[in-house]
Structures are given as structure tokens and as C-alpha cells.
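Student: Could you take me on a close look at the ligand site in this one? I'd like the details residue by residue, and then whatever else is worth a glance around it.

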Amino acid sequence: MGLLGAIEAGGTKFVLAVANQQFDILDRQVIATADGETTLNQVIAYFDQFQNIDAIGIAAFGPIDLKPMSPTYGRVLDTPKRGWSGYDFLGRLKAWRNIPYYWTTDVNGAAWAEYQTGAGAHCQQLAYLTVGTGIGAGLITDGRLLTGYGHPEVGHMVVQKHPQDQYQGHCPFHGDQCLEGLAAGPAIEARFGQSAKDLPADHLAWVLEADYLAQAAVNLTMMLRPEVIVFGGGVAHQPQLLAMIRTAFATRFADYLATPPLDQYLVAVKNGDNAGILGCFYLAQEALK
Ligand code: ADP
Ligand code: ZN
């Protein structure tokens, strides 16, 4: 048995790692994200050090094409990130070594880790929501990552504006009409003119944030009836937020349907900031099946 590889491809940094088949991490390296070709050359130089890699799991920032029948499958789609639009990420790797790859979004990688060993280990239906620079979700139904015409874009779901919120929103497409425009880290910071980390726990910011994330949880509940909704990402590090989301959820949901008890239903990520890389290893093993 050879090794498993992991590529957690973020907009700021790439985390590269190798593990054995028991998921013990043997080596790890972080590189800064440059343009597509420069970055992939560094990725390949890293994995060139290991001769016996059986498969690699890739969890990449989006938007990416993950429709197997698409002529642009494996590429990065239109993005403002310089040197990435249309870049053939997966093709470059396949040209290097023709081994199995699992190609998916960054948030799907983290969702898969939570499903395997984290907050959703007992579940077949899970939603993992990350709230950081952007908002995204990985959705698992019947033990499979949900994809349709493309990957879901949960961050851009429409939400109702909170009556105490004057902010014009920061989504370049939807302004203050979508979740990400109102509730991602940069929206919190632009609304109040300071770093989200520095806002006190009783600040209005968290009342608004809890309401928006509760609306997302209500919508996910109505559409997917997951067994658990897991919250991760930088903003979810606020310790008071989860209890506030549960309270806002109860108000918005109005007991319409049965859910698990809210302290078991709306929960924090268990694999923490390791979820992404761990998910890549699990997906690499999936690619071998
Ligand atoms: P990224 O989404 O870029 O991968 P993160 O998930 O860390 O990275 O998200 C970064 C965003 O999360 C920033 O807007 C930052 O202000 C916010 N953030 C990070 N840590 C905290 C914290 N402890 N409390 C509130 N917001 C935070
Ligand atoms: Zn939007």
C-alpha cells in the first residue's frame, strides 16, 4: 500500500500533505497561492518527492467545474483571482502522474471530514457551512456529496434583511440580498468598521450574524432535512455565536417540523481547522475505490 496525497487549495495558501493509509500525516507543507501555473508547478515539485502516492484528494477554492461530462471538467471557472480563470488544475496533475484524483470544492473536503470522523460521523445527511472570507456549504445526502448542474452555492442564498441592519451588503452580484453579502467576515467588518475578532460578544454584530446564519439553517432544513448542520470557518470561532444561532433558529422556525434537539442539530465543526486536509485524505481513499 502506498501513500495518500492531499491538496487543500485556498485563495491565499495551499496546504499539501501526504499520509499513510491509516491517515497518519507523514509530511506537510504550506505554499502561498500565486497564479495557476506557478502554483501547480510548486505542487508537483512537492509531490515529486514521493514516488509511491496511490491517490490524491483535492479540495479547491471555487468556482470549479466538477461535472464529469463537461468539456471543462477539472478546470477553475471564471474568477477574479488573477491567473486562475479557466486554468486546467486537474489536467495539469493528470499530465504529471496518471493516478486516481478526487476533485471537489474546499468546503466539500471539510464536509466530508466531518461526515467521516467529525460532528456528522453518525449521519447520512449533513450540511457543513463555513463562514469566513466567503460563505459556502458542503451538502451530503445518502452518504454522498451533493452536486447538480454545478456545486451548490449556499453562500448566495437569498435571506431577509434584519430590521436593525443598515448595511448595503458586499456581494458584487447580489449586494445586500444574499447571505454572503450580509454575513461573511468582510461584511461584518465593513458594516462596523472594525475587525470581527475585536467586536465584543454582546455587540449588535452578533445578533445580526446569528439571525442570518439561523435563516440559512432554516432554509437548509426545509430543503434537505439534514440530521446535523455543522458550522466552521473563522467567524464560527466566536464562542457565543452558536447558542445565539439556536435561539434565532427557534424563533424563525416556529416549531414547524421535527429536528433533533438544537444543541445536537446546530453544532460546531469537530475537526477544527484540520477538517480540510483530513477530508482530502478521506477523499483520496474514496478515489481508490
Ligand atoms: P478563509 O475563509 O479566508 O479561508 P477564515 O475561515 O479564517 O479564512 O475566515 C476569515 C474571516 O473570518 C475574516 O473575515 C476574519 O475577520 C474572520 N474571523 C477569523 N477569526 C475570527 C474570530 N475569532 N471571530 C470573528 N471573526 C473571525
Ligand atoms: Zn451573493
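Tutor: One bit of vocabulary before we start: a residue is near a molecule if one of its heavy atoms lies within 4 Å of it. Keep in mind, too, that this is a predicted model.

With that in hand, let's go to ligand 1. It is surrounded by 13 residues, and the closest are Gly132, Thr133, Glu189, Gly234 and Gln238. Sort the shell by residue class and you get four nonpolar, seven polar and two charged residues. Which element gives the most to that shell? Helix α5, residues 185-192, does, with three residues.

Now for the polar contacts. Glutamate 189 places a polar side-chain atom 2.5 Å from an oxygen atom of ligand 1. Glycine 234 works through its backbone instead, with an N or O atom 2.8 Å from a ligand oxygen. Then there's glutamine 238, where an N or O atom of the side chain sits 2.8 Å from a nitrogen atom of ligand 1. As for cover, the ligand on its own has 560 Å² of accessible area, and the protein covers 65% of that.

Glutamine 238 deserves a second look. You'll find it in the loop between β9 (228-232) and α7 (241-253). Is it buried or exposed? Its relative accessibility is 14%, and since buried means under 20%, glutamine 238 counts as buried. Its side chain also makes a polar contact of 2.9 Å with the side chain of glutamine 240. So you have one side chain that pairs with a nitrogen atom of ligand 1 and with a glutamine of the protein.

Follow the chain past α7 and you come to alanine 254, in the loop between α7 and α8 (262-265). Its phi is near 50 degrees, a positive value in a residue other than glycine. At 56% relative accessibility, alanine 254 counts as exposed.

Next, the metal. The zinc ion, ligand 2, is coordinated by His156 and His174 through ND1 and by Cys171 and Cys178 through SG, at 2.1 to 2.4 Å. Why call it tetrahedral? Because the four donor atoms subtend angles of 102 to 115 degrees around the zinc ion, and the requirement is that all angles lie between 85 and 135 degrees. Along the sequence, the donors are spaced H-x14-C-x2-H-x3-C. Two of these donors can be set side by side: cysteine 178 is buried at 1% relative accessible area, while histidine 174 is partly exposed at 35%.

Glutamine 166 is another one to find, in the loop between β8 (144-145) and α4 (179-183). With 68% relative accessibility, glutamine 166 counts as exposed. Its C-alpha atom is 8.2 Å from that of arginine 191, although the two are 25 residues apart along the chain.

Two backbone oddities to finish. Aspartate 142, in the loop between β7 (135-141) and β8, has a phi near 50 degrees, again a positive value in a residue other than glycine. Aspartate 142 is exposed, with a relative accessible area of 59%. And glycine 62 is joined to proline 63 by a cis peptide bond, with omega about 0 degrees; that proline 63 is in the loop between β4 (53-60) and α2 (89-96).

Technical notes. Residues numbered from 1 in each chain as written. Chains lettered and ligands numbered in written order. Predicted model: local features only at pLDDT ≥ 70, side-chain atom pairs only at ≥ 80, totals over all residues. Heavy atoms only, no water. Polar contact = N/O pair within 3.5 Å; in protein donor to acceptor, adjacent residues only side chain to side chain. Areas by Shrake-Rupley, 256 points an atom, 1.4 Å probe, with all protein chains shown as cover. Helix = DSSP H or I, 4+ residues; strand = E, 2+ residues; numbered from the N terminus. Nonpolar A, V, L, I, M, F, W, Y, C, P; charged D, E, K, R; others polar. Donors = N, O, S within 2.8 Å, 3.2 Å for Na, K, Ca; no water. Tetrahedral: all angles 85-135°; square planar, octahedral: opposite > 155°, others 65-115°. Buried < 20%, exposed > 50% of the residue type's maximum accessible area, 1.4 Å probe, protein only.
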